[in-house]
Structure formats: C-alpha cells, structure tokens
Amino acid sequence: MAGRVTLPLEGDRMAGDAAREVFMALDDLKFSAAHFVAFKGFREPLHGHNYSVGVRAGGPSIQADGYLADFGDLKKVARKACKALNSRTLVPMKSDVLQIRRSVSNGGQLEISCEGGAVMVLPEQDCAMLPVIHTTAEELSEYLWWEILVTHNLSALLVARGVQWMEVSVSERPGQGAHFRALVARSATPEARQRPRAAPLPRPCFGFEEGQSCSADGCSKDCAESRRQQPVAVATSAAASVPSSGGYSSTEGLAPAGQPMSPEEVAEAAYKSLLSTLGPEYSSRPELVRTPYRAAKAWREMTQGLRIEDPLEVAGTGIFDVPEARDLVAIRDMPFHSMCEHHLLPFSGMAHVAYIPDGKVLGLSKFPRLLNVFARRLQLQERLSANFADAVMTLLQPRALAVALEATHACMCHRGVGVAASTRTLVLRGPGRDELAVKEQLLDGVSFSSGARARL
C-alpha cells in the first residue's frame, strides 16, 4: 500500500503555499536491490524489487532562466544515488532484530543473524549498509532524500534558487511506494552534515570478530581502523580460490592472498571458476590458460557503458542551434552490440532514428556514441530503445522522434527454441508524434512498411 511520510515542519510553509512545482520520474532513475524486512517476531525471506525513484521540488517563483530548479543537477545527483544502491543487498544497520558481524579473515563477509537462529553470509562488497531500521520504501525514500541533498551537496544549489521543499518517492512496483517530503533548508544545518551515511562513508558501528575492537562514538571497542576499510574483493574469496584438481591454479596471476583485487582480476577469477565446472581434464588444456584473462577483458569492454556516469555527457558540444531546422532528419543503419541481461548472451543489430527538430540538432557522430553508451551494458532491447529515445529527447526536445531497433538475439537462436528470428522495437516520442503527417514522416525515416504503419 502506498504511503507518504511528512515530517512536522514547525510552521514552515510547504507545497500547498508554493506557486511552482517540478518533478522527475525518468526511466533511468531506478535500481534493483535485495532487502530485509524484519521486526520483532517477524521476518520475510530475503527478496528484492526493481525500484523506481521520483523527485519533486517546490518554491514560490522561477528564476531568471525560466526554471525553478536545474534539471541537469537534479538528474545527475539522483542517478548517482540510485547507482550506489543498484545490484546490492540493502542492510539496515540500525535494526534491533538483526545481529551483523564483519569477518575480515573470510574475505570481507557480512554474517547476519536473525531471530530464530537463521544466519546469512553475504560478500560485503555486494551490500549497501544503510543507517536505517528497516529497508522499506518509507525509509528508503527518506534515506535518498538525505543522500541527494547532503551527501551529494545539492541543498546549497536548491536553496540558492529559492527551492523550499523537496520530495523523494520510492516505488517497489507500479502503484505501490512511499514518499518523503521536507524543507530543503533542514538539510543545510550543521546537524544534518553529521547524519550517518551509507558505506563507504563512516558507518554505524557493528560487531567484529574476536580480537577486533572499536572506538566509534558510543562504543567501548576500538574498530576505527576496521570501519575505514573499504569493501573490496580479495584473493581469498570463494570466486578466486576454487580448486581445479589437475587443472591450472585458479589464483595464478592474481593479487596475493588478502590483497585487494581489481575488477578485472575478480572477473578473471570468476571465469576460471566457470571453466573448472567442465572438469579437470578439459579445463587444464593449454589452449585455455589465457581464456579467463581474455574473457574478463571482453566482459569489461561489453559493459563499458556502465562506467560513464552521465550518458548525456558523450554529446559534449555537439548540440547546435539551427533555427531553420524544422524538417525530418533521419540517421539509419547504425550497428550496435549489447548483452541480454537474462542469459548474458549477446544481441546485435541496427538502429534507426528519425526526428523533427525544433530549431536544435545533434552532431551526426553523437547518435552512435549515445547509442553505444546504453548498448554496452546488460540490457533488454525494449529498454535500450527507450533509453536511446529518451536521451535524444532530453538533448534536443524535438517536435517528434522515432527510434527503431532491429536485432538478432543469441539467447533465442543459440539456445532454447533455436530460432534466428529478428526482433524489431519502435519507440515514438514528442508532442507531435500522434499527428498523422508527422508519424508518416517518422515511420518513413525508420523504414516501417505501409502494413506495419496501418497497425500503429
């Protein structure tokens, strides 16, 4: 059931008195995470959600530039906050029913003991340790409110623009979520700067193995050094030390035991472990000695789009004001290569984009660059089409836009049904997309047949 959390505001004015309000609910403001739901006498099985995040802000008036708030700043910070939680297990460090211990000797593991005796052991690097009691949507919305304003230093920018309040919403699924709204000025106080934050920033104190100690505020032990340790993969982790009876050593060429491993080394160790499942005789073949290194390098190349924090930055200075540009622009047959997130198998094809500009155009080379940022990651063709279209809309704000992708998927033709069918996706955007003449131009630009047009 959706809920809204609103703090007492001691007489300060809120949204009802604000003359202006802006909001963001974008496709890329999302994160997928597992979380605990546990309180006295109750615990749900560990499970996860595909969370969607929205941001609203309000104030009395717009600025000289015509905006209440800078959408670029809001989007950049909100994306960073979502990225920090993506593909993590959310651990509520203030829970009164979970006992959490950090095992340094076991490769940076978190041991989480629940009421009733259930124990879970998770890699610390896969966890986001949050200063909350529960990882419900209600508390996550409040946590992200503070992260966006305080950790990412957005409060000063919003206050300078006269923004009075900000609201963050977190939805576990369509139609179910929670909101947290409070005055922006509250985040600018000295006390706000001292709020606990998620790792790797200073963490709430939690249990350690025998022989370790802690000097955190309110703790009689001396764990200051341990608290400063970052969650890192180490060569003693399970993925890096799988025995290969008769085959090559699965720690050969990696960091010494106990030393941090680079992402490349972690991936190489994982591929070595995967090859070991084929048996010692096959995995020890000389031809496979360098295969884990090559596969890890290819993995990094195929997911390199994830290392670009703001995809829109690849456009650089390639956006041009051209008042005369009011007619169709089409860029066709742009090859792309991506990887299916369901099976980790590639899919490749061609992309076509057509748009009706409104006095602003994008340099032609920027289209394939922008496409590749979204393609070079774990993807679905449907999402890739929408990501690409939404990015072009954000950059150019054209009257209308069409993006069509045609691809062949290895997960369909190399396994399972074994059919090499071609999949086509179409995305239409812009205020003029429903005008018949405009739609005809767009579909011509991305080459949809007359029969296909009749069905759209």
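**Group meeting: a walk through the predicted model**

Okay, let's start with a pair of strands: β3 (residues 30-35) and β6 (residues 47-59) run antiparallel and share 6 bridges. When I say two strands pair, I mean that DSSP finds at least two bridges between them. Strands here are DSSP runs of E with at least two residues, helices are runs of H or I with at least four, and the numbering goes from the N terminus. Within that pair, Ser-32 sits opposite Asn-50 of β6. β3 also pairs with β7 (residues 88-92), this time in the parallel sense, over 3 bridges. There, Ala-34 faces Thr-89 in β7.

Quick housekeeping. This is a predicted model, so to speak of local features we need pLDDT of at least 70, and side-chain atom pairs count only at pLDDT 80 or more, while totals for chains, interfaces and linings use all residues. Residues are numbered from 1 along each chain as its sequence is written, and side-chain values use heavy atoms, with hydrogens and water left out.

Now the overall numbers. The protein has 13 helices and 21 strands. Of its 456 residues, 44% are buried, meaning under 20% relative accessible area; over 50% is exposed, and in between is partly exposed (1.4 Å probe, protein chains only). The accessible surface comes to about 22,900 Å², with 53% of it from carbon and sulfur atoms; that's Shrake-Rupley with a 1.4 Å probe. And for contacts with a separation of 6 or more, 67% are between residues 24 or more positions apart, where contact means heavy atoms within 4.5 Å.

Next, the sheet further along the chain. What is the strand order? It goes β19-β16-β17-β20-β21, an open sheet of 5 strands with mixed pairing. The edges are β19 (378-379) and β21 (422-429), each pairing on one side only.

Let's look at β20. It is mostly covered, with 8 of its 10 residues buried. β20 (residues 400-409) is joined to β17 (residues 346-356) by 10 bridges, and the two run antiparallel. Ile-356 has Ala-400 as its bridge partner in β20, and Phe-347 has His-409. With β21, β20 makes another antiparallel pairing, over 8 bridges. Leu-405 is opposite Thr-425 of β21 there. As a general reminder, side chains in a regular strand alternate between the two faces of the sheet.

What lies across this sheet? Helix α12 (residues 436-445) lies across β16 (329-340), β17, β20 and β21, at about 145° to β17. For that angle, axes are lines fitted to C-alpha atoms, for helices over the stretch in contact, and angles run from 0 to 180 degrees between N-to-C directions.

Last stop, a single residue: His-134, in the loop between β11 (127-130) and α2 (137-151). Is His-134 buried or partly exposed? It counts as partly exposed, because its relative accessibility is 25%. Setting aside neighbours within four places in sequence, His-134 is in contact with Ala-38, Phe-39, Pro-92 and Glu-139. From His-134 to Val-91 is 8.4 Å, C-alpha to C-alpha, with their positions 43 residues apart in sequence. Val-91 falls in β7 (residues 88-92), the strand that pairs with β3, so to speak, where we came in.
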